[in-house]
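Trainee: Could you walk me through reading this structure, one feature at a time?
Mentor: Gladly. Ask about whatever catches your eye.

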Amino acid sequence: MEQISEQILNEIKQRRLSPRPRWQFLLLNSLWWLAAGLTVVAGGLSLALVINSFNTNDWAWAEYNGGWLSLAIGALPLAWLAAGLGLSLFGEYNLHHTKNAYRWKPIWILLTVLILTSGLAFGLERSGLAEELDEVLSPNLPSFLLAPTDQEGFWNKPERGLISGKVVEEKPDSVILEDASGKTWQVEFEQEPDAPTPEQRLGKKIKVFGSGDAKKFKAKQIKTCSLNKVGCHLETKTNNKKAAAGQVQGVKLNDKQPEKKEADKHDERKVDEERINKQKGPKDNSETNSADRE
Amino acid sequence: MEQIQDYRDKSDEELVALALKQSDFFAQIVKRYEAKLTAYLKRLFNLNREDIEDILQEAFVKVYLNLNEFDGDLKFSSWIYRIAHNQAISSWRKVKARGFSISLDENDWQELTAEIDVADEVSRGLDRQLIAEALARLPLKYREVLILKFLEEKNYKEISDILKKPAGTIATLINRGKKLLAEELKHHYGTD
């Protein structure tokens, strides 16, 4: 018995061994915590982009595009979803290596990481950061990383009454639209008082629901889209901001407009009367002038 | 002699603090745990003396090198058992390749048979060697918890700290291990 303790002491002295400093252990443990934290944040961002993709999806047109389920699957940015879940698993791995994590069952650690990641994701989405990040990332990412609904062509299904693309020419009652494949369409619509002006629509991407043949398309509904997206994607969060800035989205063209308020009707009557008076004005004046001359 | 008596009165934590200042004090830690760990490794793997000495030597060097990692978050005995256990596991493959049995001391088998649910006539017919053989046939994850619980007399928290598994998992493993050991004994020796 004595021999082993002596052997060990001799070995320690011969090899000049000394205990590793405490800071190394603290640093290692801190690095595991840091890695776990970073993976939770990265996972949260990824999942926030998934939620954002769902929130900004054009659910109102689901019936024209294969139904809710089809659109829900289409709105899944699988790459971000995989990244979010993968990072959550990696977060569990990192957390599992912290000093006292063995006292918890791995499933509880994973659930904790998933709850933290999801909570962060909802927070980031609500704060608007996810949308801003999406706006920055989407144009710079390969299309396979985006949700199918953000891909070129997803909203371009003429057989279902949907086309989308960039407005390359604007006429008073129609636009020339160039879709993702480069094909041009003449989209006719009835001009409405609150429809976007040519300056507001020209060069922008729009989605159109309607009917038509191979070249002409009669629009029933037009929506303008986010400019930064690769595909045509309706902006919902910035809708109010853009609308306030003069960009109208989701304009129904042929549908019956809601009845105008009495005050609005009164204003319109007033404007009409003024217009008539102006038109009458010069005529009356000329009559007066000619009478004077006579 | 008086000095040695002083060290015996000191707690593990006090000895660790002394060993961190002067390596000579580490010998007292080795002396305190050498016999306990030797018995544990014999029960777990029935390694021969040479193997045990090799494992213990490497384990104690690791303990010394990592002394600063021990911070009182768990019992020192749990921490040192953990290092010895891990060292033994990594050496076990070599031992396993040449076949092994395990060794139970005089009183060990009585401790175990009192815990497992076997018929009285089976229990009376059992001897140390039969239990040792049945125990050796159990998967390591059950064997290690049974040995730590009933032969090393560690509580759930200590076993959890030694094996780095949650206490709930330890409880499950102990229950399943007891059932498996009882079945093993009944199957091989119960009806004969």
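Trainee: What share of the residues in chain B is buried?
Mentor: In this predicted model, 35% of the 192 residues in chain B are buried. The chain has eleven helices and zero strands. Of its contacts with a separation of 6 or more, 72% are between residues 24 or more positions apart.

Trainee: Which residues touch the most other members of the largest nonpolar core?
Mentor: The general idea comes first. In soluble globular proteins, nonpolar side chains tend to be buried together. Here the largest nonpolar core has 48 residues, and V30(B), L41(B), L56(B) and A84(B) touch the most other members. Helix α3(B) gives this core its largest share, ten residues. There is also a second, separate core of 16 residues, with W155(A), L177(A), W185(A) and F189(A) among them.

Trainee: Staying with L41(B), which residues does it touch, not counting those up to four places away in sequence?
Mentor: L41(B) touches L47(B), I52(B), I55(B), A84(B) and A88(B). One of these, A84(B), also appeared in the list of residues that touch the most other core members.

Trainee: How does the span of helix α3 of chain B agree with its 20 residues?
Mentor: Start from a rise of 1.5 Å a residue: the 20 residues of α3(B), 26-45, should span 28 Å, and the end C-alpha atoms are 26 Å apart, which agrees. Look along the helix as well, where α3(B) bends by about 40° at Y33(B). After the helix comes N46(B), with a positive phi near 50°.

Trainee: What should I make of a positive phi?
Mentor: Most residues other than glycine have a negative phi. That makes the exceptions good places to stop and look. R16(A) is not a glycine, yet it has a positive phi of about 50°.

Trainee: Where is R16(A) found, and is it buried or exposed?
Mentor: R16(A) sits in the loop between α1 and α2 of chain A. It counts as exposed because it has 7 C-beta neighbours inside 10 Å, and the cut-off for exposed is 12 or fewer. Chain B offers another case: E153(B), a residue other than glycine, has a positive phi near 55°. E153(B) lies in the loop between α9 (140-151) and α10 (156-163) of chain B. With 9 other C-beta atoms within 10 Å, E153(B) is exposed.

Trainee: Now for W80(A): is it buried or exposed?
Mentor: W80(A) has 24 C-beta neighbours inside 10 Å, so it counts as buried; the cut-off for buried is 20 or more. Its place is in helix α4 of chain A, residues 78-96. Leaving aside neighbours within four places in sequence, W80(A) is in contact with S46(A), L49(A) and V50(A). You can also compare sequence with space here: W80(A) and A147(A) are 67 residues apart along the chain, and their C-alpha atoms are separated by 8.8 Å.

Trainee: Finally, how many residues of chain A are in contact with chain B?
Mentor: On the chain A side there are 20 residues, in contact with 27 residues of chain B. Helices α1 (2-14) and α2 (22-55) of chain A each supply at least two residues of the side that touches chain B. The largest share of that side, eight residues, comes from α1(A). By type, the residues of the side of chain A that touches chain B are eleven nonpolar, three polar and six charged.

Conventions: Residues are numbered from 1 along each chain as its sequence is written. Chains are lettered from A and ligands numbered from 1 in the order in which they are written. This is a predicted model: local features need pLDDT of at least 70, side-chain atom pairs count only at pLDDT 80 or more; totals for chains, interfaces and linings use all residues. Helices (H or I, at least four residues) and strands (E, at least two) are DSSP runs, numbered from the N terminus. The expected span of a helix is 1.5 Å times one less than its number of residues. The bend at a residue is the angle between axes fitted to the seven residues ending there and the seven starting there. Two residues are in contact if their C-beta atoms, placed from the backbone, lie within 7 Å. Ala, Val, Leu, Ile, Met, Phe, Trp, Tyr, Cys and Pro count as nonpolar, Asp, Glu, Lys and Arg as charged, and the others, Gly among them, as polar. A nonpolar core is a set of buried Ala, Val, Leu, Ile, Met, Phe, Trp, Tyr and Cys residues joined through C-beta atoms within 7 Å.
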